[in-house]
Amino acid sequence: MKIDFTTATFKDFENIPDYSIAQRAEYFYEFLDHMKERGHMTYRLENTSGSDALLNINIANQNKEYVSFVSSDYLGFTQHPKVKQAAIDGIEKYGTGTGASPLIGGYFDYHGALEKRISSFFGRNEDEVVLFTSGYNANSATLQILMQKEDIAILDMGVHASVHEGCAFTNKKTFPHNNLEALEQILRISEDKYRTKLVILDGIYSQEGDASRSSEIYDLVKKYNAYLMVDDAHGVGVLGETGRGALEDNGLLDKVDFITGTFSKTFGNLGGYVIANKKIASFLKFQSRQHIFSVTAPPSSLGIVKAIDLVDEEPFWKDKLWDNINYFKKGLNDLGLDTGITCSAIIPVKIGDQSKMWDIGRILIENGIYANPIMYPAVPRKDARIRMSVTARHEKEHLDKTLNVFDDINKKMHIAKK
């Protein structure tokens, strides 16, 4: 089987008929060499400084500073001195790790403090939260144990890969993004066929940066006696009057059946959480394999507790973030570039043509801008884009520099909307 490297995506190498493991790996290695030769390898670059608006990157043994749009540290809390000090204090008191899973000695009082703080942040009780070592595991592990062959998971087609993985042991249907008519049709057909029906959404979608129609979908889900799960990883800290995310915007914080999220974005650390009623939460703590067989989060997680506090204590970070979002988005739109329907800190510049996208990614790097070229399967094949995350750490000079580079790119490559 011959793959055209000029139009190939990583997924094309996932499973090539009649190719062994070694043959697939060798062929993929050839593809990576093809990308490197053309300056298109903007993945797995080696950072030599902390996550921030300016990032030092080692490319071809040259360490240079770049304006970074690749981090989801939306409020800049990875660099906040109070967050760093809380993490340091945790290590000083407890050491660097836990050495055990939660059921057999790895549950410490700081885990309890984190459970209490994240649950109260959402107006829930501490016995209604389950901690995981990543946001990915929070979704995947929860769905794998809750949803079985007698059940059905109904997914917006834009949900995260972790959700799809979590549905490996159950029936699964997807509906076009935010399409209520299609969702209702699936709910109607499934109403009496399955033991449990669970609809799964993102609060903010990671590639478009747009919001789910969660309020309308909630009403529809309850009409058909189904459950609703919302992963608001990209909304928390960014949306809502008090930074509680897309669910706060829609008045659903106390209504949805499952809230999932991550500590790796707004809260500047690592880990994930699931919020459910206390009986389901208890079930997960004793049944979820990824929870009970994974070593628990390290003492540096005390930095998360402080980061959660800071969302309320220092709301000006969210204000600055939105100043940056509005300024940057307007600048891109004034150039005629297509930023889609984003309403968050995720701003895509839609290119469409994948080969153009590769070249734009290279030009951005050459001009000191680090942003993510995104292709299929993360987005449809003809919807390639440059995806950028704006943070509160960006200054106007960083945004202006980037807008000037995009202006030059547009003059040469004509990527503006027609």
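This report describes an annotated domain, an open sheet, a buried strand and two cavities in one predicted model.

The model is predicted, and for that reason local features need pLDDT of at least 70 and side-chain atom pairs count only at pLDDT 80 or more, while totals for chains, interfaces and linings use all residues. Residues are numbered from 1 along each chain as its sequence is written, and side-chain values use heavy atoms, with hydrogens and water left out.

**Domain and sheet**

An unreviewed UniProt entry carries the annotation "domain: Aminotransferase class I/classII large" for residues 66-404; such annotations may be inferred rather than shown by experiment. Over residues 66-404 the chain is 40% helix and 16% strand, and the end C-alpha atoms lie 15 Å apart. Helices (H or I, at least four residues) and strands (E, at least two) are DSSP runs, numbered from the N terminus.

An open sheet of 4 strands follows the order 1-2-3-12 with mixed pairing, where two strands pair if DSSP finds at least two bridges between them. Its edge strands, each pairing on one side only, are strand 1 (46-47) and strand 12 (369-370). Strand 1 pairs with strand 2 (residues 54-59) in the antiparallel sense over 2 bridges, and Asn47 has Ile57 of strand 2 as its bridge partner.

**A buried strand**

Strand 11 (residues 346-352) is largely enclosed by the rest of the structure, because 7 of its 7 residues are buried, buried meaning under 20% relative accessible area with a 1.4 Å probe and protein chains only. Both faces are covered, with Ile346, Pro348, Lys350 and Gly352 buried on one side and Ile347, Val349 and Ile351 buried on the other. Strand 11 runs antiparallel to strand 14 (residues 384-389), to which 6 bridges join it, and Val349 stands opposite Ile386 in strand 14.

**Cavities**

The structure holds 2 cavities of 30 Å³ or more. A cavity is a set of points on a 1 Å grid over the protein atoms alone where a 1.4 Å probe fits but cannot get out, and its lining residues have an atom within 4 Å of a point.

| Cavity | Volume | Lining by class |
|---|---|---|
| Largest | about 60 Å³ | 1 nonpolar, 8 polar and 3 charged residues |
| Second largest | about 40 Å³ | 7 nonpolar, 3 polar and no charged residues |

In these classes Ala, Val, Leu, Ile, Met, Phe, Trp, Tyr, Cys and Pro count as nonpolar, Asp, Glu, Lys and Arg as charged, and the others, Gly among them, as polar. The lining of the largest cavity includes Asp52, Asp73 and Arg393, whereas residues including Leu114, Phe132, Phe263 and Ile304 line the second largest cavity.

Methods: On a 1 Å grid over the protein atoms alone, a cavity is a set of points where a 1.4 Å probe fits but cannot get out, and a pocket is an open set with protein on both sides within 12 Å along at least five of seven lines; lining residues have an atom within 4 Å of a point. Grid points are joined across faces, edges and corners, and a volume is the space filled by probe spheres set on the points. Buried means under 20% relative accessible area, exposed over 50%, partly exposed in between (1.4 Å probe, protein chains only).
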